[in-house]
Amino acid sequence: MSVARKKTLSRSLKGVWRKTRELALVGHALLSTRHAVMAQIVPMRFCNLSCAYCNEYDKVSAPVAVEEMSRRIDHLARLGTSIITISGGEPLTHPDLDQVIARIRHHGRMAGMITNGYLLNPERIQALNRAGLDHMQISIDNVEPDEISKKSLKVLDKKLQYLAEYADFHVNINSVVGGGIKNPQDALTVSHRALELGFTSTIGIIHDGSGQLKPLQDEERRIYFEVRNLKKKNYSRFNQFQVAIADGEPNQWRCRAGSRYLYVCEEGLVHYCSQQRGWPGIPLAKYTREHLNHEFLTEKSCSPNCTVSCVHQISYIDHWRAPQNTRVNPPSQHEEKSELVQIR
Ligand code: SF4
Ligand code: SF4
């Protein structure tokens, strides 16, 4: 058997094994509400880029020590967390990222990462394979870099080619439309390129955060739905959450943040999500199954105009059960903010 054929076969087998593990965790999530499904952890708030819409990075933070990251991952495993996604800042700037990924896999959990892709090269991708990474998401905002974002197809295409050649993990490319993105057509170009290279593709919305949700302009809306209807459908296409956002309409749903979804910042505090830091703001080391149960049944007043699609996807698993009987009132995601915000 040729080397190329062996490589293809090995990748296919790894893909089947990953899908099997994903199905098992969906089954586990459906059977019981007494554990977290997904956690996003931040090992590094520093980022090597400065996207104009982003409020999730700085230019000064040091990496969180790998021993501390291991303690946090161990506790997330104790809380039954099935998927642990590493974000930032830019995770690839963390010097011990591979050990962080390996620790997640040591517990048998799915390991994901959200990156801007700038630091990828063949050696880095092969190291991520060895560490056991399951999923990578790269968000590409435009075809040519501009003052809003340098996450551009022109800059990143070579990195995507490396991923197509070397990555054993699943790669999703997220494109965007909305406020600040000059050319909505770029999202279509990015999605076509993603599919051409064998990746999945999703599309998100950037809006200005100055007020309530606003509907997309006609051309943005047309492209938004065209991208959603491309092949290689991803799970996120199966819910109507972002459709309502595209139309500027509120959603009726039960946010299970703090329970089924946890956001753990670089300081090791649990927050509902990246847009509600400080709620509840409890150290992860002190977070218990009682906290999970309490937050599962707590209604969040910011939910109708929420734009955090990953929390919606996780919460959707429990859409049909357990009405919430207490309520908290964190500020609306867009109150007192004038910057652009990216929907994830
Ligand atoms: S969106 Fe990502 S790449 Fe851009 S500044 Fe924020 S963390 Fe960095
Ligand atoms: S902003 Fe969205 S995800 Fe975050 S707590 Fe509010 S409703 Fe939940």
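The following exchange between a reader and the author goes through a predicted model of one protein chain with its ligands.

Reader: How much confidence does the predictor place in the protein chain, and where is the pLDDT below 50?

Author: The protein chain has an average pLDDT of 89, and 91% of its residues score at least 70. Over residues 336-344, however, the pLDDT is below 50, although this stretch makes 34 contacts in the model beyond near neighbours in sequence. Where pLDDT is low, the predicted coordinates should not be read in detail.

Reader: What makes T81 count as buried or exposed, and where does T81 lie?

Author: T81 is placed in the loop between α2 (66-78) and β2. It has 26 other C-beta atoms within 10 Å, and since a residue is called buried at 20 or more, T81 is buried because its count satisfies that cut-off. Leaving aside residues up to four places away in sequence, T81 touches H35, A36, A39, L76 and R109. The C-alpha atoms of T81 and G108, which are 27 residues apart in sequence, lie 10 Å apart in space.

Reader: Why is A131 called partly exposed?

Author: A131, a residue of helix α4, has 18 C-beta neighbours inside 10 Å; buried requires 20 or more and exposed 12 or fewer, so A131 falls in between and counts as partly exposed. Its contacts, not counting residues up to four places away in sequence, are with D98, I101 and A102. Between the C-alpha atoms of A131 and I104, 27 residues apart along the chain, the separation is 9.5 Å.

Reader: What places G248 and Q161 in their classes of exposure?

Author: G248, in the loop between α8 (241-246) and β7 (261-264), has 13 other C-beta atoms within 10 Å, and because exposed is kept for 12 or fewer, G248 is partly exposed. Q161, in helix α5, has 11 other C-beta atoms within 10 Å, and therefore Q161 meets the limit of 12 or fewer and is exposed. G248 and N305 are 57 residues apart in sequence, with 8.9 Å from C-alpha to C-alpha, while the C-alpha atoms of Q161 and P122, 39 residues apart along the chain, are separated by 9.8 Å.

Reader: How do you know that the length of helix α5 agrees with its number of residues, and which of its residues are buried?

Author: The 14 residues of α5 (residues 153-166) should span 20 Å at 1.5 Å a residue, and because the end C-alpha atoms are 19 Å apart, the two values agree. The buried residues of α5 are L153, L156, L160 and L163, and they pack against α4 (122-131), β4 (135-140), β5 (170-178) and α6 (185-196). An α-helix has 3.6 residues a turn, so residues three or four places apart point the same way.

Reader: What makes helix α1 lie largely in the open?

Author: Of the 29 residues of α1, the number buried is 1, and so the helix lies largely in the open. Helix α1 (residues 3-31) reaches 42 Å from its first C-alpha to its last, close to the 42 Å expected at 1.5 Å a residue.

Reader: Which residues touch the most other members of the largest nonpolar core, and what does I84 touch?

Author: The largest nonpolar core has 79 residues, of which A39, I84, V177, A187, V264 and V311 touch the most other members. Not counting residues up to four places away in sequence, I84 touches A39, I41, I73, L76, I104, R109 and A111. In soluble globular proteins, nonpolar side chains tend to be buried together.

Reader: Which residues surround ligand 1, and which are the closest to ligand 2?

Author: Ligand 1 has around it C47, L49, S50, C51, C54, E56, Y57, G88, G89, E90 and N116, a shell that divides into 5 nonpolar, 4 polar and 2 charged residues. Ligand 2 is surrounded by 13 residues, the closest being C255, Y272, C273, C302 and C306, and by class its shell has 8 nonpolar, 4 polar and 1 charged residues.

Reader: Where are the peptide bonds from G88 to G89 and from W279 to P280, and what is the omega of each?

Author: The bond from G88 to G89 is cis, with omega near 10°, and G89 is found in the loop between β2 (83-86) and α3 (97-106). The bond from W279 to P280 is likewise cis, with omega near -5°, and P280 lies in strand β9 (residues 280-283).

Conventions
Residues numbered from 1 in each chain as written. Chains lettered and ligands numbered in written order. Predicted model: local features only at pLDDT ≥ 70, side-chain atom pairs only at ≥ 80, totals over all residues. Near = placed C-beta within 6 Å. Nonpolar A, V, L, I, M, F, W, Y, C, P; charged D, E, K, R; others polar. pLDDT = per-residue confidence, 0-100. Contact = placed C-beta atoms within 7 Å. Core = buried A, V, L, I, M, F, W, Y, C linked by C-beta atoms within 7 Å. Helix = DSSP H or I, 4+ residues; strand = E, 2+ residues; numbered from the N terminus. Expected span 1.5 Å × (residues − 1).
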